[in-house]
Amino acid sequence: MSENNFDIESPPCVLCGRTDNCPEKYGEKRTYVEYNLTLHNYCLLMSSGIWQRGEEDEGVDGFLIEDIRKEVNRAARLVCNICRKKGASIGCVAPKCKRSYHFPCGLQKECVFQFMEDFRSYCWEHKPVQIFSDKESREPSQCTICLDLVEHLPLYSVLRSPCCKNTWFHRECLQYQALSAGIFFFRCAVCNNKDKFQKEMLRMGIHIPEKDASWELEDNAYQDLLQCYQHCDIRRCLCKNGRDYNKPDSKWEIKRCQSCGSRGTHLACSSIKSWEQNWECVECRSIFAKGKYSKRKKHSLAPSEKMDGTTCLLEEPSPKLPRQSPGSQRNRLLQHLRMQRKEASNILKELKHQINTKTTRLNINTENIWKSALKGFRQRNFRPTNTIEVKFTKCKNRIKTDSFTGSKHLFFQLLMFHIQNSSLFEGSSAKNLSVDPQALKENLYFEAGKMIAVSLVHGGPSPGFFSKVLFDCLVYGPENVKPNLDDVTDAGVAQTIKKIKYSETLSSLQSTVRDCYDFLAAAGCLRPITALRDKDILVNDLLIHHVIKRIISPLESFRQGLKTLGLLEKMEMYPDAFSSLFCHKPENLSAEALCDLFTIHCSPDVNEIGGADFWMGYLQDVESGESVVTLQDILFFVTGCSSIPPIGFDPEPTIKFLPVHYPIGNRLLNCLELPITRTYENFKNKMEFTIRNTLRGERE
């Protein structure tokens, strides 16, 4: 058979009679000039009276030409039950149903076509449907593909994931994704399940073509990814062969920054003992480490200078080096985190709709935050959906607060600090769950998860101290997480695993295993060692045991607590957004952030004086250190909060210029009332005097 030829006039399909050329809906439209045939692929596949009797290269994809002509003649005698025209080649397979229709008409009437096995078709009355429980939420949620709202209703246009509870899609979105991903890559967008997901989607009429993904078919699509950054950026490179020299599996192997990948170092130049050890450049470390980020201009760092408690040897690379600007990398990282935090904020605001006006008061002793918080959360009348009021009591140095809002935020801030440093977690800055038998017995892991969920939805701060492996276990399930050596927090355990991992001979490996017999037996990881490669399986078993299996009970209890107010469900649906809250400290306050936070209300005459300009100029002075107060002081003066909570403020902070002598912070309304002054110096003096003395009085 010759190559397919396409007529310019686009003749109609011989089965449905339409001239439409829409591959997404009807499949590829092809014209075979020598046989005088034009066919939509789906019209041919779904026709009831034809089968593939030939090989794939015979006729049209195995459909013989004589069979196609017979099917056209058969359909010419059948009237479509939808458009009332002849040529209805598709029939409903339900017993005793005699409806026939064209493929495009069936789509319009919401029939279901199953592109599998013997390509069955069901009419609008007998089509398969998904079963919905009456107990399921009917509130709309986001389609995880297009992110638009999708109704939780038994509609043809709506499909629910069979593997993820409360995950919904638009049918059209799923069909486009299936056509692009193909059978090898089409899977649930939330949990990555493939088999169960594809089976259900095929049953409900989603066509999954047997082809590779569209992005895999593009020539040289990943060519740029093959170009790895290979340059040592350390100030004093020790390699005699130069900064670009790279020898794998040696101390002169170049390791790239684990966060941005745009800077590198020889292992020896940064005293990195093994490839497994993580390394970050200065720009990335300044963003992630301890949440500290400075907007000062970059400058070269001497070897003696320190950042986050570690000696920093990395300097600006040679300006002749053709590579991406670190500043742009840093800005992209920050921008990405800001976008994810904004998405998380919107989700938390949705969850906040559950909060009612009924109040629950918590009496909190700042000298024992955990004990009083536990008592409050366990009291009989406590409901997570009630509005929470906090009153600090029995304090030697009583904390003065002008509103319950400020008290509540301070309480959640102190509570998160206690949870982070409690015996429930282990590790340094990025923490994993520990195993505390007494805490398990008292159900404290559940309470901690519940407190974190309540804090986030009620306007508290983000945790910001979870390790990546802990967060992944929570949202993807521990069975889908693969830990590495950096996730081991116990130095002794890590050293033992390293001895096994870096054994170079079978005899040394067997000797190490004998020395660690009790340790391996306790972990349930004893196995016969007959070859050097057995160490990889043994190391993997040890990592899974120590990082994951060992904490399964605390993890499950903690997950149950995080389900409070529906938080965990949202975390599972939007893992990237919530990772920005759980695994990263919030960005330090900046003048720009504070300026964007407040909405200014002022009259035209105030604008003429320059009131708004005075405010923005003052923020810039505070940020640059030309003031006795800080940006945190200003925020606390107005809202009672020293940081911007992930969910934002309610009501939103505002500024009013009024005929007052000094600034007034109305924490009930989050409103800053500013005096109208003629000069900036007068404005600044009033701000400094009022904020400094007000906060000093509160602290005393």
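Modeller: Before we start, one term: two residues are in contact when they have heavy atoms within 4.5 Å of each other. With that in hand, look at this predicted model. Taking contacts in the protein chain between residues at least 6 apart in sequence, 59% join residues at least 24 apart.

Biologist: Okay, and how many helices and strands are there in the protein chain?

Modeller: You get 26 helices and 22 strands. As for burial, 48% of the chain's 700 residues count as buried.

Biologist: Let's pick one residue, then. Why is Phe649 called buried or exposed?

Modeller: Buried means under 20% relative accessible area. Phe649 has 12%, so Phe649 is buried.

Biologist: Where does Phe649 lie, and what is it in contact with?

Modeller: Phe649 is in the loop that runs between helix 25 (631-639) and strand 20 (654-658). If you skip the neighbours within four places in sequence, the contacts of Phe649 are Leu597, Leu635, Thr639, Cys641, Ser643, Ile644 and Asn670. Take Leu597: its C-alpha atom is 9.2 Å from that of Phe649, with the two positions 52 residues apart along the chain.

Biologist: Pro651 has its place in that loop between helix 25 and strand 20 too. What is the peptide bond from Asp650 to Pro651 like?

Modeller: That bond is cis, and its omega is near 5 degrees.

Biologist: On to the sheet with strand 20. What makes strand 19 and strand 21 stand at the edges?

Modeller: Start with the order, which is 19-20-22-21 in an open sheet of four strands with mixed pairing. Strand 19 (599-601) and strand 21 (664-666) each have a single partner strand, so one side of each has no neighbour in the sheet. From one strand to the next, the twist averages 20 degrees.

Biologist: How do you know that strand 21 and strand 22 pair?

Modeller: Two strands pair if there are at least two bridges between them. Strand 21 and strand 22 (residues 671-675) have three, so they pair, and the sense is antiparallel. Along that pairing, Gly665 stands opposite Leu672 of strand 22.

Biologist: And which strands does helix 24 lie across, and which does helix 25?

Modeller: Helix 24 (residues 611-623) lies across strands 19, 20 and 22, at about 125 degrees to strand 20. Helix 25 lies across strand 21 and strand 22, at about 60 degrees to strand 21.

Biologist: Now helices against helices. What do you need to describe two that are packed?

Modeller: Two things: the angle between the axes and the distance between the axes. For helix 15 (residues 491-501) and helix 18 (residues 534-548), the angle is about 165 degrees and the axes are 9 Å apart. Anything over 145 degrees counts as roughly antiparallel, so that is what helix 15 is to helix 18. Their crossing is left-handed. Among the residues that meet there are Val493, Ile497 and Ile500 from helix 15, and Leu538, Val539 and Leu542 from helix 18.

Biologist: Why are helix 10 and helix 13 described with a different word?

Modeller: Helix 10 (residues 369-378) and helix 13 (residues 444-457) cross at roughly 85 degrees, and their axes come within 11 Å. The range from 65 to 115 degrees counts as roughly perpendicular, so helix 10 and helix 13 are roughly perpendicular to each other. Residues meeting there include Trp370 and Phe377 in helix 10, and Met451 and Val454 in helix 13.

Biologist: Asn443 is in the loop between helix 12 (437-441) and helix 13. Why does Asn443 count as buried, partly exposed or exposed?

Modeller: Buried is under 20% and exposed is over 50%. Asn443 has 35% relative accessibility, which is in between, so Asn443 is partly exposed. Its phi is positive, near 60 degrees, and Asn443 is not a glycine.

Biologist: Last one: what makes strand 1 and strand 2 a hairpin?

Modeller: Strand 1 (residues 29-32) and strand 2 pair in the antiparallel sense over four bridges, and four residues lie between the two strands in the hairpin. Asn36, in the turn, has a positive phi of about 55 degrees. Tyr32 has Leu37 as its bridge partner in strand 2. Strand 2 (residues 37-40) is covered on both faces, with Leu37 and Leu39 buried on one side and Thr38 and His40 buried on the other.

Terms used:
Residues numbered from 1 in each chain as written. Predicted model: local features only at pLDDT ≥ 70, side-chain atom pairs only at ≥ 80, totals over all residues. Heavy atoms only, no water. Buried < 20%, exposed > 50% of the residue type's maximum accessible area, 1.4 Å probe, protein only. Axes fitted to C-alpha atoms, helices over the stretch in contact; angles between N-to-C directions. Parallel < 35°, antiparallel > 145°, perpendicular 65-115°, else oblique. Left-handed = near helix turned anticlockwise from the far one by under 90°.
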